[in-house]
Amino acid sequence: MAEAAFDTPAFREYRVIPKLREGAMAHSRPFVAKPDFQEKLGFPGELVDDWERKAVEKMGELNKKYRSLQVFLDSCVKCGACTDKCHYYLGTTDPNNMPVARQDLYRQVYRRYYTFAGKHFPWLVGAKDMTKDVLDQWYSYFHQCSQCRRCSVYCPYGIDTAEISMAAREVMDHVGKGQKYCNEIIGKVHAIGNNLGLPEPALRDTLEGLEEEVLEDTGVPVRFPLDEKGAEVLLVTPSADFFAEPHVDGLIGYGKVLHRAGISWTFSSHASEAANFGMFIGNYENMRKMALRIREAALELGVRRIVFGECGHAWRVAYSFLNTLAGPFDFLDPAWPVPQHICEVTHGLIRDGRLRLDPSQNDDKVVTFHDSCNIARASRMGGEPGGQFTIPREILRACCNHFHDMPAETVREGTYCCGGGGGLLTDDLIELRVKGALPRMEALKEVVDDYGVTHLVAICAICKSQFSKVLPYYGFTMDQVISLHQLVGNALMPGGESGGESNGESSAAETPQPQAA
């Protein structure tokens, strides 16, 4: 598909709030899902009759189902603290991409039908009827929110724009106007087990090819087992790790780490996807259906632990919701948290002295680290608050001699989104993705200029794909984004090989990590 012409935003000398350009992104909207994609997920195939009434009824249903949603809709006082916190507003200058303005697209309809003032004096409170124009505006601007939750960090009331965006998408799906990219992917997971629609024979062939590649490169017989019963660990990773660059180099790093530690592990062809796009569309039923595949695979294979690979929103779903969606996991080893992140596993092995690393193996790189939104603001790693920030950085420092953080206001809790999350990683939204990446690209340029940074490290599949696409628009190269576990794999020192047996018992020296509160 040919990309539409647009101008890449220029780097700003000073990070000031940009001037408003009303309607600057009103033209931006993703492809609408085909009827087949909709119906497979339990949604109408096209806009239903009497859709206005059904949309309003669905809003009322969501208000009762999610108590927080109504609180967010009722508590905004228009203080303006969020206005310049959205990367899409900073990159597009469209006022509807201010978090408060985007919320109001939903709030104005909510007020019209679910508040006294809106029912009787709509002109006084900005209430509006649900109309086709309103629906079209929703479809455009609620697909200009990556659900990164940065605005909620700065909101004095903690209003979560992401939750309002999810609700709006749920309403639109319910009346027959869903997004093609997300809904097509969810259907593939239901049918086959992963976002790519990769069947078991193709997945097995891919993993066998990786084994041959690693053996040829290193002389070490690292295995990438699939559907092996009795393994200790079920590794659930984003399917992009099987093919995409730099994702696959991170997957090779996982294999090297687990092999070196002597931890038996396996992938599952039934649950060959960590990502869960059900969260992006705000639909609990589809999110739960995908999560249950992981439980089913863990039971079928008889594993003792579940470990997730490098993926931001997958870790949010796993850390925050997995037990509710698919638990209880009382059949797993209670000595280990359910679930674990691969960074927690690697960090523990480094801490226990079970991985010997030579950071000089990465001396050709000067690295910085991108905190992925869903990891930074919706989860934790390890047993201490802030572990999601310290653990990846401690791993980085253990395997790299040259690490520099980006400016403090652009990382950790205040990290800027990559610009492609929330179900927006599709080329029909490339203008939005490029413009939304501006704040992160500015922060990257600063450390490139000041410290000679050569690589941007990420632990999220969407972030890696997004950066590979947008870096060239800002004068960088697509290969400047790199997986954390690629660096770990590079730095692993020879010695203490496990012999490559995927079903051997793990060493008793591996210390279970404390579970997060």
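How much area is buried between domain 1 and domain 2, and what share of that area do carbon and sulfur atoms give? The structure considered here is a predicted model, and the domains themselves should be located before the interface is described.

The domain assignment divides the protein chain into domain 1, residues 35-185, and domain 2, which is written as two segments, 192-404 and 453-503. Between the C-alpha centres of domain 1 and domain 2 the distance is 33 Å. To the contact, domain 1 contributes 17 residues and domain 2 contributes 15 residues.

The size of an interface is often expressed as the accessible area that is lost when the parts come together. For domain 1 and domain 2 the buried area is about 1,500 Å², and carbon and sulfur atoms give 51% of it. On the side of domain 1, the residues that lose the most area to domain 2 are Arg149, Met166 and Ile185, which together make up 32% of what that side buries. The count of salt bridges between domain 1 and domain 2 is 1. A salt bridge is formed by Lys65 and Glu285, with the closest N and O atoms 3.5 Å apart.

Attention may now turn to the sheet. Strands of a sheet pair through backbone hydrogen bonds, in either a parallel or an antiparallel arrangement. Here, 4 strands form an open sheet in the order β2-β1-β3-β4, and the pairing is parallel. The edges are occupied by β2 and by β4 (340-341); each has a single partner strand, so one side of each is left without a neighbour in the sheet.

Strand β1, residues 233-236, is covered on both faces. Val233 and Leu235 are buried on one side, and Leu234 and Val236 are buried on the other. Parallel pairing joins β1 to β2 (residues 265-266) through 2 bridges, and the bridge partner of Leu234 in β2 is Thr266. Between these two strands the chain passes through helix α13, residues 247-261, and the resulting β-α-β crossover is right-handed.

Strand β1 also pairs with β3 (residues 305-308), again in the parallel sense, over 4 bridges. In β3, the residue opposite Leu234 is Ile306. Leu234 thus offers a convenient point of reference when the sheet is viewed: Thr266 is its bridge partner in β2, Ile306 stands opposite it in β3, and Leu234 itself is buried.

Technical notes: Residues are numbered from 1 along each chain as its sequence is written. This is a predicted model: local features need pLDDT of at least 70, side-chain atom pairs count only at pLDDT 80 or more; totals for chains, interfaces and linings use all residues. Side-chain values use heavy atoms; hydrogens and water are left out. Buried means under 20% relative accessible area, exposed over 50%, partly exposed in between (1.4 Å probe, protein chains only). Two strands pair if DSSP finds at least two bridges between them. A crossover is right-handed if, with the strands pointing away from the viewer, the path from the first strand over the helix to the second runs clockwise. Domain bounds come from an automatic or database domain assignment. Contact means heavy atoms within 4.5 Å. Buried area is the accessible area (1.4 Å probe) that two parts lose on being put together, summed over both. A salt bridge is a side-chain nitrogen of Lys or Arg within 4 Å of a carboxyl oxygen of Asp or Glu.
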